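Reader: Hey, I've got this thing open on my screen and no clue where to start. Can we just chat through it?

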Amino acid sequence: MFGFLGPNGAGKTTTMRMIQCVSPITGGTLEVLNMDVSSQQREIKSLMGVVPQENNLDEDFTVYENLLVYSRYFDIPKDEAEKRVEELLDFVHLLEKKDVMTESLSGGMKRRLVLARALINRPSVLILDEPTVGLDPQARHLIWDKLRSLKKQGVTIVLTSHYLDEVEKLCDRLVVMDNGKILVEGSPTGVIEEFIGSDIIEAENNPELLECLRQKEAKYEVIGDIVHIYADNAREISEYLVMECSLSKISARPATLEDVFLKLTGRSLRE
Amino acid sequence: MNPVDYFRIPSVSSRSFKVWQRNKDVFMKDIKLNFLPPFLEPILYLVALGFGLGKFVESIDGVPYARFIAPALIAVSVMYASFFECSYSSYVRMYYQKTFDAIIATPLTIEDVIAGELLWGATRSVINATVMIPVIALFGLIDLKYSLLIIPFAFFGGLLFAAIGMCFTAITPNIMSINYPVLLFITPMFLFSGTFFPLSALPVPIQYFATAFLPLTHIVNVIRILSYGMLSSSLIFDVAWVLFVGMALLVLSINLMKRRLIV
């Protein structure tokens, strides 16, 4: 499972659309499953499942019909398609909604149906653009479960997300990108360790502390009223800081991808 | 895009039939409602114009007024069915429902999708013509001898207006703006294409203009001659016009939609 991270406008969706053979590539080469996206679009798309950022279910049809009509675009024979539709509706827990028009589904149900639709052709590659945006925690966990079980079945999954905990939990490898450029590539833990260390100590900002940190040559960053001190061994360092630097309010926590993300792409608002 | 590129033949596959099938399935869900307009409209027009207004009109070219406008009603319906299908309806599917986006994530290309839409638009014209012919025949206003030829011709006429609708869909900034071509192009055609009075009643320059630029003129000519139970050599010109302009606009509409949708 591979993740694309980056602020709004970083080029994630564009990259996804190029992988899907929908947007033309403007330079270089891009291969999916060893096939060229410019010349072998149909072959690639027949082996790919797509969960787009925006739910684009067919509002003119019921849940069941949505999947059945979609199966025709892949030339799946009707008997086989009917079998798969039942299986997939069961897989995403929508069997009891099969005769409902899609517009009356909740946000979570729509997302699950889009996921089921992306699986109708048994894809080898699954592309997900912000799969859990706007969903409640229950629905997010259900989607994560499904993605993990797909991964176990050997499906290659590529996703973008703004939920960094999601990427940290699911992805084996990731890139952080901004302005169309890749800033870093690696595993979630590898990236965190490389850029932050394993832990972060948060302390109240005061001039004495900063002076002290400078003397100790510690890695730190000032964010408004608080100071982040990057460390590999939080407990030792915080004890040390308390003694040496007369720290008062401090707390230590494990570093997350969010820390890496903000460090690499800055804290200023996008768009 | 280079001007020549707008008329480059697009590569369309037989998969566009799946898009046709999708639209047909939606149509079939409301089949009763969808069959009502082509069934009811000719009756309303024939009663109001043919038998009402017709009382005050002497025969036109030796033909009673109701018989004169009956084929025009079929032609107008052919125009409306495919134009509206490929303008407002296609725009809704493209922009609001994102149906095209969903389909191009499958082995279908955008060319396939648009071709399927155009084929479906033409099919709507065929459906309307097919429903209207027996209704008009019940009133005894159509000679059945060549009337079945109207059905295949409605397909090509339908393709022409489908392509016109799709061109506007491709360039319109929003759905409200489709009102402009309706008001400035479709409605004048409805009135000035030899539909409710012969073209010869208009000043000569306008007659030439209508023949050169108003596609409905040719559709009305063909359907009227066939419905009189005649065949005439002038049919060749009208049919050729419809086929040639239709094909050119089909190609143009697909290329314009490609330009709009591939980003």
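Reader: Okay, random pick: is Ser87(B) buried or exposed?

Author: Ser87(B) is buried: its relative accessibility is 0%, and anything under 20% counts as buried. One thing to keep in mind as we go is that this is a predicted model.

Reader: Got it. Which element is Ser87(B) found in?

Author: Ser87(B) is part of helix α3 of chain B.

Reader: And what does Ser87(B) touch?

Author: Leaving aside residues up to four places away in sequence, Ser87(B) touches Gly165(B), Thr169(B) and Ile178(B).

Reader: Cool. I see lots of rings too. How many aromatic pairs are there over all chains?

Author: The count is 21 aromatic pairs over all chains. Take Phe17(B) and Trp20(B): their ring centres are 5.2 Å apart and their planes sit at 15 degrees, so this pair is stacked.

Reader: Wait, why does 15 degrees make the pair stacked?

Author: Because planes under 30 degrees apart count as stacked, and the planes of Phe17(B) and Trp20(B) are at 15 degrees.

Reader: Makes sense. Where do Phe17(B) and Trp20(B) lie?

Author: Both are in helix α1 of chain B, residues 16-29. They are three residues apart, about one turn of the helix. Phe17(B) itself is partly exposed, with a relative accessible area of 44%.

Reader: Got another stacked pair for me?

Author: Sure, Phe84(B) and Tyr88(B). Their ring centres are 5.9 Å apart with planes at 10 degrees, so they are stacked. Both belong to helix α3 of chain B, which covers residues 65-96, and they are four residues apart, about one turn of the helix.

Reader: How accessible are Phe84(B) and Tyr88(B)?

Author: Phe84(B) has 27% relative accessibility and counts as partly exposed. Tyr88(B), at 22%, is partly exposed as well.

Reader: Which residues do ring pairs link into a cluster?

Author: The cluster is made of Tyr80(B), Phe83(B), Phe84(B), Tyr88(B), Phe168(B), Phe190(B) and Phe196(B). You'll spot Phe84(B) and Tyr88(B) in there again.

Reader: What about charges over rings?

Author: Chain A gives you Arg140(A), which lies over the face of Tyr163(A), 4.1 Å from the ring centre. Lys146(A) lies over the face of Phe91(A), with 4.6 Å to the ring centre.

Reader: Since we're in chain A now, how many helices and strands are there?

Author: Chain A has eleven helices and twelve strands. Its C-alpha atoms fill a box of roughly 75 × 45 × 35 Å along the principal axes. Of its 271 residues, 50% count as buried.

Reader: I can see a sheet. What's the strand order in the open sheet of six strands?

Author: In chain A, the order is β4-β5-β6-β1-β7-β8, with mixed pairing. β4 (48-51) and β8 (181-186) of chain A are at the edges with a single partner strand each, so one side of each has no neighbour in the sheet. On average, neighbouring strands of this sheet are turned by 15 degrees against each other, ignoring direction.

Reader: How do strands even pair in a sheet?

Author: Strands of a sheet pair through backbone hydrogen bonds, either parallel or antiparallel. For an example here, β5 (residues 125-129) and β6 (residues 156-160) of chain A pair in the parallel sense over five bridges. The bridge partner of Ile127(A) in β6(A) is Val158(A).

Reader: And which helix lies across β1, β7 and β8 of chain A?

Author: That's α11 of chain A, residues 257-265. The helix runs at about 30 degrees to β7(A).

Reader: Switching to loops. Anything odd there?

Author: Look at Asn34(A), which has a positive phi of about 65 degrees although it is not a glycine. Asn34(A) lies in the loop between β2 (31-32) and β3 (35-36) of chain A, and at 70% relative accessibility this residue is exposed. In chain B, Asp61(B) is another non-glycine residue with a positive phi, near 50 degrees. Asp61(B) lies in the loop between α2 and α3 of chain B and is exposed, with a relative accessible area of 69%.

Reader: Last one: what's the confidence like for chain B?

Author: Chain B has a mean pLDDT of 94, and 100% of its residues reach 70 or more. Among its elements, helix α2 (residues 31-52) has the lowest mean pLDDT, 90, and helix α6 (residues 150-171) the highest, 98. The model scores ipTM 0.90 and pTM 0.90.

Definitions and conventions:
Residues are numbered from 1 along each chain as its sequence is written. Chains are lettered from A and ligands numbered from 1 in the order in which they are written. This is a predicted model: local features need pLDDT of at least 70, side-chain atom pairs count only at pLDDT 80 or more; totals for chains, interfaces and linings use all residues. Side-chain values use heavy atoms; hydrogens and water are left out. Two strands pair if DSSP finds at least two bridges between them. Helices (H or I, at least four residues) and strands (E, at least two) are DSSP runs, numbered from the N terminus. Axes are lines fitted to C-alpha atoms, for helices over the stretch in contact, and angles run from 0 to 180 degrees between N-to-C directions. Contact means heavy atoms within 4.5 Å. pLDDT is the predictor's confidence in each residue, from 0 to 100. Rings of Phe, Tyr and Trp (its six-membered ring) pair if their centres lie within 6.5 Å; planes under 30 degrees apart count as stacked, over 60 as edge-to-face and the rest as tilted. Buried means under 20% relative accessible area, exposed over 50%, partly exposed in between (1.4 Å probe, protein chains only). A charge sits over a ring if NZ of Lys or CZ of Arg is within 6 Å of the ring centre and within 35 degrees of the ring normal.
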